[in-house]
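Trainee: I have a new structure open and I'd like to learn how to read it. Could you walk me through it, feature by feature?

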Amino acid sequence: MTTQRPDRNAILTERLTYFWVAYGGDRQAMQGDAEYRETIAKLFEVNQSLVYWLVSRTELPREQRDDLLQEGLIALYQATMNYDPTWRGADGHTARFGSYASVCIRDQLKGHINDLAYAFSSPKALRSGGAK
């Protein structure tokens, strides 16, 4: 019989929900709580592999992937700081942190890739309004 490993995101999300309810959603007050900060740090640490996985799916040169990795980690940090575990969608279900974070990270990575594409466009293509 195999034992199932507990979902670390679910456990950390439960802790975040506790803080969210205890502090009434006051982010500034939660920041003063050392346990809250520790929970956020663990949530960030546990989900870094998500960033590495998303960046590995790109077909960019190594130097640009390093920049993309930094962008992804920034997006993950922002996702951990902005995640509201009590939010409910139209269907009444809460968004899992992994789902929320992956959308935030993908959006940030797409924006950075689009910036790279714009930076490498030729001046002639920009003047004429499109690549030729």
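Trainee: Let's start with helix 1. Which residues on the other side of it, away from the buried ones, are exposed?

Mentor: This is a predicted model, so keep in mind that we're reading a prediction. The exposed residues on that side are E14, Y18, V21 and A22. Opposite them, helix 1 has its buried set: N9, L12, T13, L16, F19 and W20. Look down the axis of helix 1 and those buried residues fall within an arc of 115°, so they line one face of the helix.

Trainee: How do I check whether helix 1 has the length a helix ought to have?

Mentor: Compare the expected span with the distance between its ends. Helix 1 covers residues 8–22, so it has 15 residues, and at 1.5 Å a residue it should span 21 Å. Its end C-alpha atoms are 21 Å apart, which agrees. You can try helix 5, residues 62–82, in the same way: its 21 residues should span 30 Å, and the end C-alpha atoms are indeed 30 Å apart.

Trainee: And what goes on at the ends of helix 1? Which residue caps its N-terminal end?

Mentor: That's D7: one of its side-chain oxygens lies 3.2 Å from the backbone nitrogen of N9. Past the other end, helix 1 is followed by G24, which has a positive phi, near 65°.

Trainee: Now charges. How many salt bridges does a search of the whole structure find?

Mentor: Two. For this you look for a Lys or Arg side-chain nitrogen within 4 Å of an Asp or Glu carboxyl oxygen. One pair is R15 with E35, where the closest N and O atoms are 3.9 Å apart. R15 lies in helix 1 and E35 in helix 3 (residues 34–46), so this pair ties together parts that are 20 residues apart in sequence. Both partners are partly exposed: R15 has 25% relative accessibility, and E35 has 46%.

Trainee: What about K42: which residue does it form a salt bridge with?

Mentor: With E38, and there the closest N and O atoms are 3.2 Å apart. This pair sits within one element, since K42 and E38 both lie in helix 3, four residues apart, or about one turn of the helix. K42 counts as partly exposed because its relative accessibility is 36%, and E38 is partly exposed as well, at 39%.

Trainee: I'm also looking at D33. Is that residue buried or exposed?

Mentor: Buried, and yet D33 has no salt bridge. When you meet a case like this, look for the nearest opposite charge. Here that is the side chain of R37, 6.6 Å away. Then see what else is around: the side chain of D33 reaches the backbone nitrogen of E35 at 2.9 Å. Leaving out residues up to four places away in sequence, D33 touches F19 and Y23. You'll find D33 in the loop between helix 2 (27–31) and helix 3, while F19 is one of the buried residues of helix 1.

Trainee: Let's go further along the chain. Which residues of helix 5 are buried?

Mentor: There's quite a list: Q64, L68, L69, G72, L73, A75, L76, A79, T80 and M81. Take Q64 as a worked case: its relative accessibility is 18%, so Q64 counts as buried. Q64 and H112 are 48 residues apart in sequence, and their C-alpha atoms are 9.9 Å apart in space.

Trainee: And G98, where is that found?

Mentor: In helix 6, residues 97–119. With 21% relative accessibility, G98 counts as partly exposed, because the cut-off for buried is under 20%. Aside from neighbours within four places in sequence, G98 is in contact with N9 and L50. That N9 is the residue whose backbone nitrogen D7 reaches at the cap of helix 1. G98 also lies 9.9 Å from L43, C-alpha to C-alpha, with their positions 55 residues apart in sequence.

Trainee: Stepping back, how many helices and strands does the protein chain have?

Mentor: Seven helices and zero strands. Buried residues make up 31% of its 132 residues. To see how the chain comes together, look at the contacts with a separation of 6 or more: residues 24 or more positions apart account for 64% of them.

Terms used
Residues numbered from 1 in each chain as written. Predicted model: local features only at pLDDT ≥ 70, side-chain atom pairs only at ≥ 80, totals over all residues. Heavy atoms only, no water. Helix = DSSP H or I, 4+ residues; strand = E, 2+ residues; numbered from the N terminus. Buried < 20%, exposed > 50% of the residue type's maximum accessible area, 1.4 Å probe, protein only. Contact = heavy atoms within 4.5 Å. Expected span 1.5 Å × (residues − 1). Arc of directions from axis to C-beta. Polar contact = N/O pair within 3.5 Å; in protein donor to acceptor, adjacent residues only side chain to side chain. Lys, Arg positive; Asp, Glu negative; His and termini not counted.
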